[in-house]
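Hi everyone, thanks for making time. I'd like to walk you through a structure that most of you won't have seen before, so let's put it up on the screen.

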Amino acid sequence: MSIETLSWVGDVSDGFLRLIDQTLLPLELRTIDCRNVESVWEAIKQLRVRGAPAIGIAAAYGMVVGVQNVGAGLFEKRLYDVAQYLASSRPTAVNLFWAIDRMKHRFESVKELTSDGNTEVVSRILEELFLEARKIHEEDRTICRAIGNFGQSIIKNGDTFITHCNAGGLATADYGTALAVFFTAAELGKRIAVYADETRPLLQGARLTAWELMQRGISATLICDSMAAMVMRQGKINGVIVGADRIAANGDTANKIGTYGLAVSAHVHGIPFYIAAPVSTFDLMLSDGLRIPIEERGADEICCGFGVRTAPEGVAVYNPAFDVTPANFITGIITERGIISPVNKENIEKIIS
Ligand code: MRU
């Protein structure tokens with residue numbers, strides 16, 4: 001991909017966050033510039049930037065944008081206000097909160113400098129925050145490559161996999177998590193094919209995953225979400241790999257709505273079902289998936305998707321954006337530190353803590 005999913009443009013003091021506006025894909029590959037924290041919040045909320053790791057990176061840079069030009073006396077309060085504000089954008093992907101916490105810790109480690117109250121010190125702290133955001137961004141690139149490499153033990157020449165939603169370069173710094181396994185396989189010369197669920201209601205599979213796979217010359221077949229079970233029954237599928245938004249201590253995993261149904265189908269058909277996710281997606285504070293907050297989005301996404309009304313005005317709508325797949329349906333979790341399998345609390349602790 002010639003344009004980066006996220007990038008910082010300019011100096012620390014007056015630079016800004018540039019993002020691919022993913023709501024326009026695949027028709028238009030265009031970027032937007034976020035020069036204040038409100039525009040970063042809006043970009044996350046409206047899914048211009050989306051996917052758990054990418055949301056975390058955007059929020060980290062958003063904190064830098066949010067405290068540019070703030071004086072020493074107000075700096076700490078403003079930083080914490082900005083953190084709280086960005087944290088209110090989307091509730092499910094834990095990477096958002098993880099990245100904000102990292103930024104707060106970096107601030108805490110240098111905050112005594114603000115007591116001097118001079119502008120030089122403030123710019124030094126701003127620089128520290130920027131370095132942390134860039135570190136989160138750069139680390140994600142390495143993590144995605146490692147996930148791609150560890151995933152090779154589960155994918156062989158000639159395999160066909162299904163994926164759901166988009167866990168590719170667009171959802172991360174670049175290269176992806178679930179899609180990283182396919183990209184690496186293709187780079188290693190394995191001949192593979194991928195079925196992409198279109199992913200109702202916002203069509204991340206159709207608009208983003210199919211596009212990314214085709215960009216990299218990987219055989220991509222688009223199906224409606226409701227076709228996955230039949231395709232499995234027809235014997236076309238060797239495995240499933242999807243991303244994750246939050247993984248509880250016992251391995252229960254929240255991901256895009258429809259993932260749970262896909263896991264149930266895979267289980268029934270004896271097809272291995274894998275999650276690919278960085279360690280930052282684990283939330284060991286939550287004992288199980290029932291405690292994961294699930295985002296509910298507006299009715300229009302279902303009744304009036306992409307501006308076309310497809311349901312009667314006034315019909316009741318339920319639109320959870322994520323679901324939770326119980327750990328017992330998950331064959332393994334591919335992380336940057338190795339594959340966790342079988343998926344249980346003990347094995348997760350061994351790799352994550
Ligand atoms: O609502 P979205 O598009 O942000 O949902 C994204 C997903 O569910 C992804 O599968 C998940 O964040 C993992 S991305 C590496």
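**How the two domains meet**

So, let me start where the two domains come together: domain 1 and domain 2 bury about 2700 Å² between them, and carbon and sulfur atoms give 55% of that. On the domain 1 side, Arg-50, Thr-92 and Arg-145 supply 22% of the area buried against domain 2, more than any other three residues. Before I go further, please keep in mind that this is a predicted model.

Where do the domains begin and end? Domain 1 covers 6-146 and domain 2 covers 150-352. Their C-alpha centres lie 26 Å apart. If you count residues in contact, you get 31 from domain 1 and 34 from domain 2.

What about charges across that boundary? There are two salt bridges between domain 1 and domain 2. Elsewhere in my notes I have a salt bridge between the side chains of Arg-90 and Glu-295, at 2.8 Å from N to O. As for polar contacts between the domains, the count is 16 residue pairs, both partners at pLDDT 80 or more. Which helices does domain 1 use here? α2, α4 (94-110) and α5 each supply at least two residues of the side that touches domain 2. The largest share comes from α5, with seven residues.

Okay, stay with α5 for a second and follow the chain onwards. Gly-151 sits in the loop between α5 (119-150) and β4 (160-163). Is Gly-151 buried or exposed? Its relative accessibility is 0%, so Gly-151 counts as buried. Leaving out residues up to four places away in sequence, Gly-151 touches Val-181 and Ile-334.

Now for some backbone oddities. Two of them are cis peptide bonds. One runs from Leu-25 to Pro-26, with omega near 5°, and Pro-26 is in the loop between β2 (16-20) and β3 (31-34). Leu-25, by the way, is 126 residues from Gly-151 in sequence and 27 Å from it in space, C-alpha to C-alpha. Another cis bond joins Arg-200 and Pro-201, where omega is about 0°. You'll find Pro-201 in the loop between β5 (193-197) and α7 (204-215).

Then there's positive phi in residues that aren't glycine. Leu-47 has a phi of about 65°, and its place is the loop between α1 (37-45) and α2 (52-67). With a relative accessible area of 6%, Leu-47 is buried. Cys-165 also has a positive phi, near 60°. Look for Cys-165 in the loop between β4 and α6 (178-187). It counts as buried, at 6% relative accessibility.

Last stop: a sheet. Four strands make up an open sheet with mixed pairing, in the order β11-β8-β9-β12. Why do β11 (282-283) and β12 (322-325) each have a side without a neighbour in the sheet? They stand at the edges and each has a single partner strand, so one side of each is left free of a neighbour there. Further in, β8 (residues 246-248) and β9 (residues 253-256) run antiparallel and are joined by two bridges. If you want a spot to zoom in on, try Ile-247, which stands opposite Thr-253 in β9.

That's my tour, so feel free to rotate the model and ask away.

Methods
Residues numbered from 1 in each chain as written. Predicted model: local features only at pLDDT ≥ 70, side-chain atom pairs only at ≥ 80, totals over all residues. Heavy atoms only, no water. Pairing = 2+ DSSP bridges. Buried < 20%, exposed > 50% of the residue type's maximum accessible area, 1.4 Å probe, protein only. Contact = heavy atoms within 4.5 Å. Domains from an automatic or database assignment. Buried area = accessible area lost by both parts, 1.4 Å probe. Salt bridge = Lys/Arg side-chain N within 4 Å of Asp/Glu carboxyl O. Polar contact = N/O pair within 3.5 Å; in protein donor to acceptor, adjacent residues only side chain to side chain.
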